[in-house]
Structure formats: structure tokens, C-alpha cells
Amino acid sequence: MIALEQQLKQLVQETCQHPHGSIARQRALTSLIRLINRSQKLWKDSSTYYEDALQLTWLYFCRNLCEAITAKSAYDSDRSNVITWMNAYLKRRLQDMYIENQQQQLQHVLEEGEDRKITDQIVDRIIAPPQPSNLLDQVRQWVESDKTKVLQRTYIRDRADVNAQVLILRRLPPESSWQILAQEFALPVSTLSSFYQRKCIPLLKEFYEQQRVA
Amino acid sequence: MNNIEENFLSLPISNQYRDIARSVASQQLLPEVAERLKRNTLAVLVMHDYLEMMGISTSLQTSDSWHPVVRICADVADLEIEGIGKLECRSIQLGESTCYVPPEVWEDRIGYVVVQFEENLRSARLLGFVKQVSTEFIALNRLEPIENLCMAIAALRESSQQNFGSNKAIVSLSNWLQNLFDSGWEEIENLLDSKQSQYAYRTKEISKSLRNNLTNSEEIRRGILFELGVTTPKYLLALIATISPKGQNEIDIRLSLYPISEAFLPELIELVVLDDAGNEFLKGQARSVDNYINIQFSGSIGERFSIRVSLDDNSLIENFTI
């Protein structure tokens, strides 16, 4: 135990010798995270939101170990060992989340007929706007109709038969494997996939943009 | 050296992230696609967390793995690192010793990381990082510790800053075919300004010798003038690019380096062509009595490359897109 504390103290000191954002700081921080994980001394419980609290704790750790970036004061090695410091923060976050969870459970019960789960709200904030579940069908329709012929006209050099329309249709789920396509078209996988990555995917993105504006 | 057992990094996967992944997956009717989306989404989110902890900004919104259409049409798990490029975040199951990397992500990536999820998806192990892949499988014992990702990012940031420092825009060669030339790139006869008229005989000579070699009347030639060297006076040099179309989508490129202030190139000056990942692709070096260096290659429209001319510690870097 004493050996671990010493190791931690040393590694913390070393980490903070390097400027914030420097590659040396990033490497030392990564080593520290490994050491702390290995120690198994971080508080653990089985609440559903445990990992959410732990994720916040790691961020807090990285941002305030050496300088106070989001906290009122940085970690002070004279006051406690680093894991104790982290556990204090972790437990506070778990407490916050417990309370929030309780309140939401209550609200959930009170709001009759309200089917919306809390997580949907979070999902909407982070995720791209929800898409119609028939997006795959829409894409397929667009590729098949190819009104402007741009898909047919985009093809691998000297191989008009291997064009964006053909390839995208084959790669829409359930997709044909690259090996099968390579055999069929007698072209190396890398030629096909490079064409797909560099020419076909941008066309798909364009299609989506046009859909959104429409 | 590569001890996966010791070098992995464990990070938690929040309930919030698990919900996002499940939600993305649930929109898919085909189970294989749903499973793939779930894993790719989680891997990208975990790497986003690690990089956030390291103070490196990422952009989920501009990542293809976050794009509603692209992620259905391709097995992509990229995370856009702001100002740097895309990191591919692949995942494996417990017990696998190789990681599958689909062909559609073999290009345009600054590197690849492998993530292993706990069965309950509540935590992940970042197993390691490689800069390039050449086949569909990465052997786990090839992986470097995850901090090498930070080093790769730092190196890319530095080199892009160097390029920015030389304040040149990316030269677009296919524009040359439409008679649109980037500033600074002149016809050989117009390279020198009035203060450099003492060297006019040099540009005349070079122009004449290049025209004698003209094999293809479709060739377009432009050059830039620049100084290089640590001692004063510095060497005045010309970098000349001669291009001609080849087939529908390719361009033949010949790069020539000529001395202007001297008759011969400084010894050991190097002309290097780098691919868009920054790897050396072609190189020419002056020997003691060379009066020019030539490098020839061809590339497809849209490809990017850089040229670096170095002497001692001094370099000129020019970025091109074909």
C-alpha cells in the first residue's frame, strides 16, 4: 500500500512538471489513469449511473490535477492522496445523480401518459436530428432513380460498369462483401473501396443535404 | 515490447452513451447493421472521452460515423479530431486476437484504435493504436500504447502549423489545366523580378532546356522562386512543376529543382514528395555536381501530396491537390 501511494505521488509530481496540453503531460496522465485503475481503490457501486459519475470524475481529474481549470482549487498533494480526492468528487456526483434520478422517477409517475423517457431528451441533444426509420429505403430509391445521372456518371477509370449507382446499391445492407464484388468486377478490393470512400460517400452526403433542405 | 496485458487503458461507458448507441441501433431493421452501429457508436464515444480528457477537441457532428446516411452505407467508426483528421475507432469482442478493419476505412485516416468492450458494455479497454493498416485485420500485438495516439496528433498538428507558417494555400493542379494558376506560380520567364535581373540568364537557360525536353504539347509548366539555407547569402532556387493530363482522371507530374543564384545545386539538398498522410513517397537528393533534380510521378484527381525541399535544417513545404 505504501509503495502504491509513493508511486502515485511521484507520478502526480512528474505529470505536473509538464505544461498543460503538452504531449509529455498527456503521456503521464495516461500512465496515471492506468495506475489508479490498477489500484482498484476507486469507489465502486452498482448504480445504473455509476459510469456516468465516473466519467465526470475522470474529466475532473484531468482538468484539475495540476491547475484548477474547472474546480475552485487544484489537487493539493499535502491535503490528501489523489485517489481520496477523486473518490470525494465521485461520491458527490453519485449523490447528485441519485437525487436527480429520484426526482425523475417521481415526475415519471406523476406525468400520466407521458411516454417520453429522460434519456430521449439527452439523446436528442447529442445526436443528429432523428431520421425517418425508412431512411434506408429513401436512399435506395434515390440511388435507383439517379435522376441527374450523377451516380452513373461517376465511375472507376475506364470502367463505366463500376459506377457509384451500382456500387452503392450493392453495399446497401444487406451488403455484398468486398471480396465478392472484387471477384465479380475483377478489380482489387482496395480499388473498389477507395472509389467508394472517395467518390461514393461524398455523393451520399450530398443526397442527405438535399433531402434536408427539401 | 507490445504487452497488451499491461498497456491497455480502462474507461467507463456511461449509461447515457449506452442509451445513445441503443437508440441509433434501434432505428435499423437488420440486426447485423444494428449491432455494427451500436458498437461503432460506442467506440467513437469512448475515444471522444479519452481525447477530451487529454484536452484534444473532437467533432462528432462532422464525423461520418455520426452521419445518418453514411453510417448505414458504410462500416465507418471515425472520430473527427479538429484540425487534424479522422481517427478510426474499431472494436473487438472478448477473446478475439485480431481486429477487423473494413476496406472502406483504409484511406483518409490519421490512425486506428482498437477498443474492447466488457460484455455488459459498462466499460471499455482501449487496447492501442496504429497509424496505418494494410489489410483487413490488425493483429493485437501490433498495437502501440494509446498514448502514441497523442504523439501522432501532436506531430500532425506541428507539421500542419509549419505548413500554415509558410502561408501558402494548397496548390490545385487540375485548376492549372483550366488556366487558373495559384499566386506565386509563374511561367519560368516571369519568375524573376526586376531586382533579380542578374539571374535572368539562368531562367532563360532553364526555360530553354525544359522546352527542348517538351514531349507533350499539352504540358503546362509553372514555377516558384524561393530561398533556402542557413548561411547567408541563402541559395535562390526554383521549383518547377510540369503537368499534363493522363487519361480521364490522372495527371502526370514532373517536379524539377533548379539553382538560380549558383550554377549547381547545393550538395545534399533534398527534394521529397510526401503523400497526404505525411509519408515519404519519392525522394531526390543532389550529389556534388548536379545542376538540377527531377522527380516524376502521376496521380489521380483529388489526391493530395506535399513537396518538401530541405537543406540543412531549412525546408520549404508546398501542398498540392491534384
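**Chain B: two nonpolar cores and a loop proline**

In chain B, among contacts with a separation of 6 or more, 55% are made by residues 24 or more positions apart. The model is a predicted one. Its chain B holds seven helices and 17 strands, and 39% of the 322 residues in this chain count as buried.

The interior may be considered next. In soluble globular proteins, nonpolar side chains tend to be buried together. The largest nonpolar core here has 91 residues, and the members that touch the most others are B:V46, B:M47, B:C89, B:V113, B:V115 and B:L126. Helix 3 of chain B, spanning residues 31-53, supplies the largest share of this core, with 11 residues.

B:V113 illustrates how such a member is surrounded. When residues up to four places away in sequence are not counted, B:V113 touches B:M47, B:L87, B:C89, B:L126, B:F129, B:I146 and B:L149. A second core, separate from the one just described, comprises 27 residues, including B:I206, B:L257, B:L265 and B:V273.

The final stop is B:P266. This proline lies in the loop that runs between strand 12 (250-259) and strand 13 (270-275) of chain B. Is B:P266 buried or exposed? B:P266 has 18 other C-beta atoms within 10 Å and is therefore partly exposed, because a buried residue needs 20 or more and an exposed one has 12 or fewer. Apart from neighbours within four places in sequence, the contacts of B:P266 are B:G229, B:Y235, B:A286 and B:L311. The C-alpha atom of B:P266 is also 8.4 Å from that of B:R287, a residue 21 positions away along the chain.

How values were computed: Residues numbered from 1 in each chain as written. Chains lettered and ligands numbered in written order. Predicted model: local features only at pLDDT ≥ 70, side-chain atom pairs only at ≥ 80, totals over all residues. Core = buried A, V, L, I, M, F, W, Y, C linked by C-beta atoms within 7 Å. Helix = DSSP H or I, 4+ residues; strand = E, 2+ residues; numbered from the N terminus. Contact = placed C-beta atoms within 7 Å.
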